[in-house]
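Dear colleague,

Please find below the structure that I am handing over to you, together with its sequence. My notes on what was found in it follow directly after.

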Amino acid sequence: RDPAAADPATLLQATQLNENKVEMTWEAYLSLETEMVSDRITTVLAPPNTVTLTLTPERTLQISGTAPAQWVANAQETLQRMPSLTARDDTQLITTEAYELQAQKALIESQQITFRPGRATLTETEQDRLYEQVQTIQQLITGAGKIQQPIEIEIAGYSDPSEDDSNTLWLGQLRANYIQNFLTTRGISKELLTTRRTQRPAGTAVGSTFQITFPDTSPDTSL
């Protein structure tokens, strides 16, 4: 009898048979029926509510959703010892920590710091916005460190030909350098930062933006 199967005594009660005249003898057995394999996996892995497990008729386990990195690591080790599976697909699974990093990445990259026209200095309002960006970047770096995720931050400095400067490309570089110095003086490692200068069409808002990269050398959290 498969441990995941229904209790035979319960099934017997639903019949017209006399329980005292029924003798049952069972041996240990692991069924490969899809429903039983699915129940067994769910019981063993105990996934959080944010994870969906789906077992195909070919016994391919599909895992999707978000889960803490520790659960993913434990599940990876457990599934390696389950011969009842033919394959597993976790391309739609992401760790909770990685999901939070992606959200912070999107927030940081959606913001632009605007400089004074023709200058590489900020107004007081833009300095306050940049300080808020620094706090978010620090949280991103801390979160990446917890899951040993490498991170690279590119600072792009923008300028446009309408600005009163003999070399607007270099003005873009000065702006990128300004942001880099602002970050490093507030505790962000210069080793994580690179700068880039570029021009935008005339009349375009000029400033600086961030581009966050998670290198492929990050640890594999797949199952």
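In what sense do E4 and strand E7 (residues 207-213) pair, and over how many bridges? The two strands run antiparallel to each other, and their pairing extends over 2 bridges. Ile113 has Ser208 as its bridge partner in E7, while Thr114 is matched with Gly207 in E7. Please bear in mind throughout that this is a predicted model.

The sheet around E7

E4 and E7 belong to an open sheet of 4 strands, arranged in the order E4-E7-E5-E6, with mixed pairing. Its edges are formed by strand E4 (113-114) and strand E6 (193-199), each of which pairs on one side only. Strand E5 (residues 152-159) is also joined to E7 in the antiparallel sense, here over 6 bridges. Within that pairing, Ile155 lies opposite Phe210 in E7. Of the 7 residues of E7, 5 are buried, so the strand is largely enclosed by the rest of the structure.

The chain as a whole

The protein chain comprises 6 helices and 7 strands. Followed along the sequence, these elements give the pattern α-α-β-β-α-β-α-β-α-β-α-β-β. The chain has 223 residues, of which 37% count as buried. Among the contacts with a separation of 6 or more, 71% are made by residues 24 or more positions apart.

Aromatic rings and charged groups

The structure contains 1 aromatic pair. Phe115 and Tyr178 form this pair in an edge-to-face arrangement, with 5.7 Å from centre to centre and 80 degrees between the planes. The pair connects distant parts of the chain: Phe115 is in the loop between E4 and helix H5 (124-146), whereas Tyr178 is in helix H6 (residues 168-184), and their positions lie 63 residues apart in the count along the chain. Are the two partners buried or exposed? Phe115 is buried, because its relative accessible area is 4%, under the cut-off of 20%. Tyr178 has a relative accessibility of 22% and therefore counts as partly exposed.

Two arginine side chains are placed over aromatic rings. The charged end of Arg186 sits over the ring of Phe182, at 3.6 Å from the ring centre. In the case of Arg197, the charged end sits over the ring of Trp170, at 4.0 Å from the ring centre.

Ala176 in helix H6

Ala176 is another residue of helix H6 that I would draw to your attention. Why does Ala176 count as buried? Its relative accessibility is 0%, and the term applies to values under 20%. Beyond residues up to four places away in sequence, Ala176 touches Ile155, Ala156, Gly157, Thr195 and Arg196. The C-alpha atom of Ala176 is 6.9 Å from that of Arg197, although the two residues are 21 residues apart along the chain.

The buried side of helix H3

Which residues of helix H3 (residues 69-79) are buried? They are Trp71, Val72, Ala75, Thr78 and Leu79. These residues lie on the same side of H3, because the arc that they cover around the axis is only 130 degrees. An α-helix has 3.6 residues a turn, so residues three or four places apart point the same way. The buried residues of H3 pack against helix H2 (34-45), E1, strand E2 (60-67) and strand E3 (87-95).

Thr78, which is located in helix H3, has a relative accessible area of 17% and is therefore buried. Apart from its neighbours within four places in sequence, Thr78 is in contact with Val44 and Leu45.

Confidence in the model

The mean pLDDT of the protein chain is 83, and 79% of its residues reach 70 or more. Among the elements, strand E1 (residues 51-55) has the highest mean pLDDT, at 95, and helix H1 (residues 8-13) has the lowest, at 69. Over residues 217-223 the pLDDT stays under 50, and for this stretch the model has 17 contacts beyond four places in sequence. Where pLDDT is low, the predicted coordinates should not be read in detail.

With kind regards

Methods:
Residues numbered from 1 in each chain as written. Heavy atoms only, no water. Pairing = 2+ DSSP bridges. Phe/Tyr/Trp six-rings, centres within 6.5 Å; stacked < 30°, edge-to-face > 60°. Buried < 20%, exposed > 50% of the residue type's maximum accessible area, 1.4 Å probe, protein only. Lys NZ or Arg CZ within 6 Å of the ring centre and 35° of its normal. Contact = heavy atoms within 4.5 Å. pLDDT = per-residue confidence, 0-100. Arc of directions from axis to C-beta.
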